[in-house]
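Biologist: Before I accept any of the labels used for this model, I would like to hear what each one rests on. Could you take me through them one at a time?

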Amino acid sequence: MCRKIALEEHFLCPGFEAYWKTTVGDVYPAVLGKVVERLSDFGQQRLGAMDRAGIERAVLSLSGPGVQIERDTALAIRRAREANDHLATRISARPDRYSGFAHLPMQDAKAAADELDRCVKDLKFCGAMINGHTNGQYLDDPALFPFWERAEALNALIYLHPADPVTPLAALAGHRGLKRATWEWGVETGSHALRLVFGGLFDRFPKAVVALGHLGETLPFLLWRFDSRAKLYGVKLARRPSDYIRENFVVTTSGMFSAEPLHCTISALGAGRVMFSADYPFESIDEAGAFMDTVALSDGVRADIAFNNARALLRLA
């Protein structure tokens with residue numbers, strides 16, 4: 001069993017259930033109850049699961065969408081701070097096992113930047129997790145440049161997590177099994193990430209770093225095509241799209257416990273851009289840990305993906 005740091009591990013704090021349940025309405029009530037129990041636990045249930053999987057540290061993030069669907073900006077600002085304070089209190093009980101990603105009120109770029117600043121400097125969080133668009137506003141919007149300026153200055157990792165699209169994909173209508181985590185969220189999140197690339201965000205903020213789960217939401221498998229089409233359509237960027245994806249993105253194994261896509265991602269991006277995640281409690285933490293322990297990798301690459309890359313990127317002791 002190798003040492004592991006897990007980056008996409010979720011929790012739920014009191015008063016945020018209504019936000020979260022907007023994304024899980026099609027989950028059976030019995031299953032939903034068990035998930036809520038695991039999300040709300042910071043004690044032996046979660047720690048025992050981490051121990052079984054060999055996870056020494058989990059970077060915890062509020063299960064989305066959280067306040068990003070709140071229409072009252074002032075309320076979103078206040079409640080985001082509440083969520084972060086709640087997480088900081090929980091981390092303080094087990095600082096040897098838990099770290100945190102900030103939850104941000106992206107409705108207001110300055111407020112989001114200030115809360116990220118507070119969370120990184122005062123609460124010692126590792127960065128932030130942003131759950132897709134905020135009421136239709138994507139992260140390449142120029143109104144959010146003050147946020148990116150602060151994130152870059154703080155060297156804060158921004159983890160872009162899936163969210164429901166603004167409008168349901170018509171191609172999936174009538175096929176419930178393709179909704180959300182099966183396919184819809186990957187299309188939405190991969191497209192969101194590509195907006196950052198093709199919109200020139202990383203020309204403006206070249207030191208910004210974005211994390212994607214699910215081994216990069218299919219982006220590592222399409223690098224040549226992105227470069228080819230950008231050239232064909234005359235996209236004006238300082239570098240090729242693939243250069244930004246290789247240099248401004250990192251990816252995690254959350255929800256992708258399969259050797260073939262892992263090896264392809266390593267080949268496309270390099271082992272130094274890949275990190276471990278279990279996606280607890282939405283995926284089997286035991287399967288995630290066993291996969292990382294046994295997938296065909298050299299000992300050095302396994303150690304880097306499971307532990308060393310995250311420790312270095314997040315500056316963990």
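**Labels and the values behind them**

Modeller: This is a predicted model, and a good place to begin is strand E1 (residues 4-11), where eight of the eight residues are buried, so the strand is largely enclosed by the rest of the structure.

Biologist: How do you know which strand is paired with E1, and in what sense?

Modeller: E1 and strand E2 (residues 55-62) are joined by six bridges in the parallel sense, and since a pair of strands needs at least two bridges, the label is met. Among the partners, lysine 4 has isoleucine 55 of E2 as its bridge partner, and isoleucine 5 stands opposite arginine 57 in E2.

Biologist: What makes E1 and E3 the edges of their sheet?

Modeller: The sheet is open, with three strands in the order E1-E2-E3 and parallel pairing. E1 and E3 each have a single partner strand, so one side of each is left without a neighbour in the sheet. Neighbouring strands here are turned by 30 degrees against each other on average, when direction is ignored. Helix H3 packs on this sheet, where it touches E1, E2 and E3, and its direction makes about 135 degrees with that of E2.

Biologist: Which residues of H3 are called buried, and against what do they pack?

Modeller: The buried residues of H3 are Arg46, Leu47, Gly48, Ala49, Met50 and Ala53, the criterion being a relative accessible area under 20%. They pack against E1, helix H2 (29-40), E2, strand E3 (98-100) and H13. After H3 comes glycine 54, whose phi is positive, near 80 degrees.

Biologist: Why are H3 and H13 called roughly parallel?

Modeller: The axes of H3 (residues 44-53) and H13 (residues 285-294) come within 8 Å and cross at roughly 25 degrees. Angles under 35 degrees count as roughly parallel, and H3 and H13 are therefore given that label. In the contact itself, Ala49, Met50, Arg52 and Ala53 of H3 meet Ile285, Asp286 and Gly289 of H13. By class, the residues of this contact divide into four nonpolar, one polar and two charged.

Biologist: What makes the pair H4 and H5 roughly parallel?

Modeller: For helix H4 (residues 73-93) and helix H5 (residues 109-121), the axes come within 11 Å and cross at roughly 15 degrees. Set against the limit of 35 degrees, that makes H4 roughly parallel to H5. H4 passes H5 in a right-handed crossing, and Ile77, Ala80, Arg81, Asn84 and Asp85 in H4 meet Ala111, Glu115, Arg118 and Cys119 in H5. That contact has four nonpolar, one polar and four charged residues.

Biologist: What makes E4 and E8 the edge strands of the other sheet?

Modeller: This open sheet has five strands in the order E4-E5-E6-E7-E8, with parallel pairing, and strand E4 (127-131) and strand E8 (274-275) are its edge strands in that each pairs on one side only. Five of the five residues of E4 are nevertheless buried, so E4 is largely enclosed by the rest of the structure.

Biologist: How do you know that E4 pairs with E5, and E6 with E7?

Modeller: E4 and strand E5 (residues 157-161) pair in the parallel sense over five bridges, and one of the partnerships sets asparagine 131 against histidine 161 in E5. Three bridges join strand E6 (residues 210-212) to strand E7 (residues 249-252), and these two run parallel; leucine 212 has valine 251 in E7 as its bridge partner. With at least two bridges required, both counts satisfy the rule for a pair.

Biologist: Why is proline 261 called buried?

Modeller: Proline 261, placed in helix H12 (residues 259-269), has a relative accessible area of 16%. The limit for the label is under 20%, so proline 261 is buried. Leaving aside residues up to four places away in sequence, proline 261 touches Leu215, Phe221 and Met256.

Biologist: And how do you know whether threonine 265 is buried or exposed?

Modeller: Threonine 265 also has its place in H12, and with a relative accessible area of 0%, set against the same limit of under 20%, threonine 265 is buried. Residues up to four places away in sequence again left out, threonine 265 touches Leu215, Pro220, Phe221, Val251, Gly270 and Val274.

Key. Residues numbered from 1 in each chain as written. Predicted model: local features only at pLDDT ≥ 70, side-chain atom pairs only at ≥ 80, totals over all residues. Heavy atoms only, no water. Axes fitted to C-alpha atoms, helices over the stretch in contact; angles between N-to-C directions. Helix = DSSP H or I, 4+ residues; strand = E, 2+ residues; numbered from the N terminus. Parallel < 35°, antiparallel > 145°, perpendicular 65-115°, else oblique. Contact = heavy atoms within 4.5 Å. Nonpolar A, V, L, I, M, F, W, Y, C, P; charged D, E, K, R; others polar. Buried < 20%, exposed > 50% of the residue type's maximum accessible area, 1.4 Å probe, protein only. Left-handed = near helix turned anticlockwise from the far one by under 90°.
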